[in-house]
Amino acid sequence: MHPQRKELQHRGEAIWIMDLNLKDKVVVVTGSSRGLGRFIAEGLAAEGCRLAICARSAGKLEEAARGMRAAGAEVLTMPTDLTVPGSPEALIGLTIDHFGRIDCLVNNVGGNRRGNFVDTTDSDWQAVLELNLNVHLRCARKAVPSMMQNGGGAILFIASIFGREAGGPGLSIYNATKSALISAAKIMALELAPHHIRVNCIAPGSIRFPGGSWDRRVQSDPEGMKAFIAQNLPIGRFGRAEEIADVAAFLLSERASLVTGACLNVDGGQSRSLI
Ligand SMILES: NC(=O)c1ccc[n+]([C@@H]2O[C@H](COP(=O)([O-])OP(=O)(O)OC[C@H]3O[C@@H](n4cnc5c(N)ncnc54)[C@H](OP(=O)(O)O)[C@@H]3O)[C@@H](O)[C@H]2O)c1
């Protein structure tokens with residue numbers, strides 16, 4: 001038997017489970033009071049990680065932390081706007097002060113300003129570049145020296161399939177910032193490989209969860225969204241946030257020891273790019 005494989009009874013049958021060996025790892029997840037970040041943090045809490053989570057709204061953040069603590073996780077919360085100068089560095093610094101180390105960083109926070117390219121302003125571009133790119137680079141720059149000291153680590157960026165291929169009209173800012181993120185991650189992976197720090201991206205497709213943007217679109221235009229699914233989603237449904245969380249946990253774990261510099265589509269076949 002593979003030394004890291006264990007047998008588990010699942011629905012009356014013996015199956016092999018993959019031990020991700022993430023217990024007690026210290027992980028920062030940015031933008032984690034709701035949405036994908038929260039699902040990723042909850043998934044990591046279930047794996048036994050110690051977590052630092054952040055968002056602007058303190059109330060929602062504490063509510064998220066309560067659920068993770070109830071599942072047995074140690075959770076540090078930092079209500080903050082990561083676009084405020086000094087905030088990304090403070091988040092990583094606080095995590096290292098509190099837990100004594102940082103093993104993994106999930107740069108999840110992100111947003112969009114939709115609009116025709118000619119109508120977009122410098123301030124639109126600057127705001128989304130800050131949130132979708134610069135904040136992540138600042139978190140990573142602060143975390144890397146500590147990971148090097150510990151002998152390694154893992155960094156994950158939540159990009160989008162629209163960083164790998166054209167998302168369509170109105171998405172120039174989103175597309176460009178997500179492409180930049182994937183590009184930066186690849187070079188970071190090359191530079192950090194000798195230090196045993198793996199750097200990867202997940203490119204989610206359209207993921208629906210209660211209160212999320214796809215959920216709102218389904219509520220406001222159910223027929224239009226049925227047509228969208230038929231035309232764009234080969235598996236016939238939106239992705240689930242848990243499906244992103246599972247891949248995130250795997251990529252952070254040593255079971256993905258050969259995976260670095262990768263950008264993994266997690267999209268049920270939605271994306272059309274060959275690369
Ligand atoms: N959902 C999808 O289908 C999908 C598809 C592809 C890629 N993605 C990417 O996945 C990531 C998460 O998306 P999501 O849909 O889960 O987002 P979301 O539902 O809008 O959640 C965003 C999270 O980030 C926090 N946040 C937002 N701005 C912040 C700031 N300035 N400082 C600190 N925290 C902030 C929010 O809390 P507060 O508002 O309280 O700050 C919230 O916890 C993004 O990078 C997105 O581009 C999502």
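The following dialogue examines how several labels applied to this predicted model are justified.

Colleague: On what basis are residues numbered and features admitted?

Modeller: Residues are numbered from 1 along each chain as its sequence is written, and side-chain values use heavy atoms, with hydrogens and water left out. As the model is predicted, local features need pLDDT of at least 70 and side-chain atom pairs count only at pLDDT 80 or more, while totals for chains, interfaces and linings use all residues.

Colleague: How do you know that the span of helix H1 agrees with its number of residues?

Modeller: Helices are DSSP runs of H or I with at least four residues, strands are runs of E with at least two, and both are numbered from the N terminus. The expected span is 1.5 Å times one less than the number of residues. For the twelve residues of H1 (residues 35–46) that gives 16 Å, and the end C-alpha atoms are 17 Å apart, so the two agree. After H1 comes Gly-48, with a positive phi near 95°.

Colleague: What makes Arg-38 buried, but Glu-63 partly exposed?

Modeller: Buried means under 20% relative accessible area, exposed over 50%, and partly exposed in between, with a 1.4 Å probe and protein chains only. Arg-38 has a relative accessible area of 19%, and is therefore buried. Glu-63 has 35%, so it is partly exposed. The buried residues of H1 include Arg-38, Leu-36, Ile-40 and Leu-44.

Colleague: Why is Arg-141 called exposed?

Modeller: Its relative accessible area is 57%, so Arg-141 is exposed. Arg-141 belongs to helix H4 (residues 122–150).

Colleague: What makes the pair of Glu-63 and Arg-38 a salt bridge?

Modeller: The term requires a side-chain nitrogen of Lys or Arg within 4 Å of a carboxyl oxygen of Asp or Glu. The closest N and O atoms of Glu-63 and Arg-38 are 3.9 Å apart, and the pair forms a salt bridge. This pair links distant parts of the chain, Glu-63 being in helix H2 (residues 58–70) and Arg-38 in helix H1, 25 residues apart. Salt bridges with shared partners join Arg-38, Glu-42 and Glu-63 into one network. The structure holds eleven salt bridges.

Colleague: Which salt bridges does Glu-243 form with Arg-237 and Arg-240?

Modeller: With Arg-237, the closest N and O atoms are 2.8 Å apart. With Arg-240, the N to O distance is 3.9 Å. Each participant counts as partly exposed: Glu-243 at 28%, Arg-237 at 26% and Arg-240 at 43%.

Colleague: How do you know that Ser-33, Ser-57 and Tyr-174 make polar contacts with the ligand?

Modeller: A polar contact is a pair of N or O atoms within 3.5 Å; within protein, one must be able to donate a hydrogen and the other to accept it, and residues adjacent in sequence count only if both atoms are side-chain atoms. An N or O atom in the side chain of Ser-33 is 2.7 Å from a ligand oxygen. For Ser-57 a backbone N or O atom lies 3.0 Å from a ligand oxygen, and for Tyr-174 a side-chain N or O atom is 2.8 Å from one. Each pair therefore meets the cut-off.

Colleague: How many residues surround the ligand, and which are the closest?

Modeller: There are 27, the closest being Ser-33, Arg-34, Leu-36, Arg-56 and Asn-108; a residue counts as near if one of its heavy atoms lies within 4 Å.
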